[in-house]
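Visitor: Please give me a close look at the sheet in this model, along with the helices and loops around it. Start from any residue you like and work your way in.

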Amino acid sequence: MDEELPALGGRVTLPPATIEEFRTKGHTVVRSLCTPDEVAAWRVVLEEATRRGAWDTRPLAERDTYGRAFLQAANLWRLDPRIETFTCSERLAAVAADLLGVEHVRLYHDQGLLKEVGGGRTPWHQDQQYWPLEHERPVHTLTMWMPLVDVDSGSGSLLFASGSHLHGDLAGELAGPISDESDATFESLLTHGGFPVESHDPLRAGDATFHAGWTLHSAGENASAADRPVATVIWFADGCRVTAAPTRHQRYDLAVWLDGADPGGPAAGPSNPRLPR
Ligand SMILES: O=C(O)CCC(=O)C(=O)O
């Protein structure tokens, strides 16, 4: 491992209230999951890989709503092998497993999400709409969202619709891919008294929020004077199977993030290592 990059070892014991919040609301926060020194070292590597691997680097004005939300690059650990230490870290994976209440998680993929200065809102969406994963536990996927700089509502921190994860797919095909249309569908659901909207603002660099795969969430625009780099890691409960009849959107994820595993079969390929804890 690179001498200058800190290993993220050591266990974090979650207070019962944090686990309870995740289970009832579908989101929670773990403060100081990484120390300022750890984040400062990892930020350089994660941000560089995000910029290098970004899918859409046209000027902001030429991108669509989704493109204006952030520069996005995924599987950073494959772009820069040093990042495996971060993405597959035992400290992070153990928090994920404890929140899901399982012995082990597997990696789905990591992502760098850098909301540029002037970057737009991230529309309301449910991540699991894209993920062809099933398990007997209704909550079997989750995302860690760790800002690499201090953030608040003015720089694009996350908003969560509390309790939405308990209702599964809220809009089905009506929502479609993340867009102005999906945003409008979910906005109208929220306006009609759906779920309380909450955040964990402000967050320091190295704090991390965790949300379940079906938790409806969005982020504000970045009206601050600095870019908002974020590292995310998505995991699923060990033992998940691939959905037997994946939707059109899920077939993309199946090919790209699950090594084209067989529908109905185990989700356990080389891109999805079972992580130690
Ligand atoms: O960073 C953002 O603006 C959105 C992140 C998000 O939707 C996610 O990580 O699931």
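Guide: Let's start with serine 32, which is partly exposed because 14 other C-beta atoms lie within 10 Å. (With C-beta atoms placed from the backbone, 20 or more others within 10 Å make a residue buried, 12 or fewer make it exposed, and anything in between is partly exposed.) Keep in mind that this is a predicted model, in which local features need pLDDT of at least 70 and side-chain atom pairs count only at pLDDT 80 or more, while totals for chains, interfaces and linings use all residues. Numbering starts from 1 along each chain, as its sequence is written.

Back to serine 32: its phi is positive, about 50 degrees, although it isn't a glycine. That catches the eye, since most residues other than glycine have a negative phi. Serine 32 sits in the loop between β1 and α2 (36–53). (Helices and strands here are DSSP runs numbered from the N terminus: H or I over at least four residues for a helix, E over at least two for a strand.) Asparagine 75 is another non-glycine with a positive phi of about 50 degrees, and its loop runs between β2 and α4 (76–79). With 19 other C-beta atoms within 10 Å, asparagine 75 is partly exposed.

Now for the sheet itself. It is open, with six strands in the order β1-β9-β6-β11-β3-β2 and antiparallel pairing. (Two strands pair if DSSP finds at least two bridges between them.) At the edges are β1 (27–30) and β2 (71–74), each of which pairs on one side only. On average, neighbouring strands in this sheet are turned by 20 degrees against each other, direction ignored. At the β2 end, β2 and β3 run antiparallel and are joined by four bridges, and alanine 73 stands opposite glycine 112 in β3.

Helix α1 (residues 16–25) packs on the sheet, where it touches β1 and β9 (208–212); the direction of α1 makes about 155 degrees with that of β1. (Contact means C-beta atoms, placed from the backbone, within 7 Å; angles run from 0 to 180 degrees between the N-to-C directions of axes fitted to C-alpha atoms, for helices over the stretch in contact.) Helix α6 (residues 90–100) also packs on the sheet, touching β1, β3, β6, β9 and β11, with its direction at about 135 degrees to that of β6.

Let's pause on β9. Four bridges pair it with β1 in the antiparallel sense, and phenylalanine 210 in β9 is the bridge partner of threonine 28. Four bridges also join β9 to β6, again antiparallel, with alanine 212 of β9 partnering leucine 142. Because five of the five β9 residues are buried, the strand is largely enclosed by the rest of the structure. Ala208, Phe210 and Ala212 point one way, Thr209 and His211 the other. Leading into β9 is the loop from β8 (197–198), and proline 202 is found there. The peptide bond from aspartate 201 to proline 202 is cis, with omega near -15 degrees.

Next, α6. Eight of its eleven residues are buried, so this helix is largely enclosed by the rest of the structure. The buried ones are Leu92, Ala93, Ala94, Val95, Ala96, Ala97, Leu99 and Leu100, and they pack against α1, β1, β3, β6, β9 and β11. Leucine 100, for one, touches Val105, Val139, His140, Leu142 and Ala237, leaving out residues up to four places away in sequence. Just after the helix, glycine 101 takes a positive phi of about 80 degrees.

The largest nonpolar core has 68 residues, and the ones with the most contacts inside it are Ala96, Leu100, Val105, Met146 and Trp235. To this core α6 gives the most, eight residues. (Such a core joins buried Ala, Val, Leu, Ile, Met, Phe, Trp, Tyr and Cys residues through C-beta atoms within 7 Å.)

We can finish at glycine 26, in the loop between α1 and β1. Glycine 26 counts as buried because 26 other C-beta atoms lie within 10 Å. Its contacts, setting aside neighbours within four places in sequence, are Phe160, Ser162, Gly163, Ser164, His165, His211, Ala212 and Thr215.

Note on methods:
Two residues are in contact if their C-beta atoms, placed from the backbone, lie within 7 Å.
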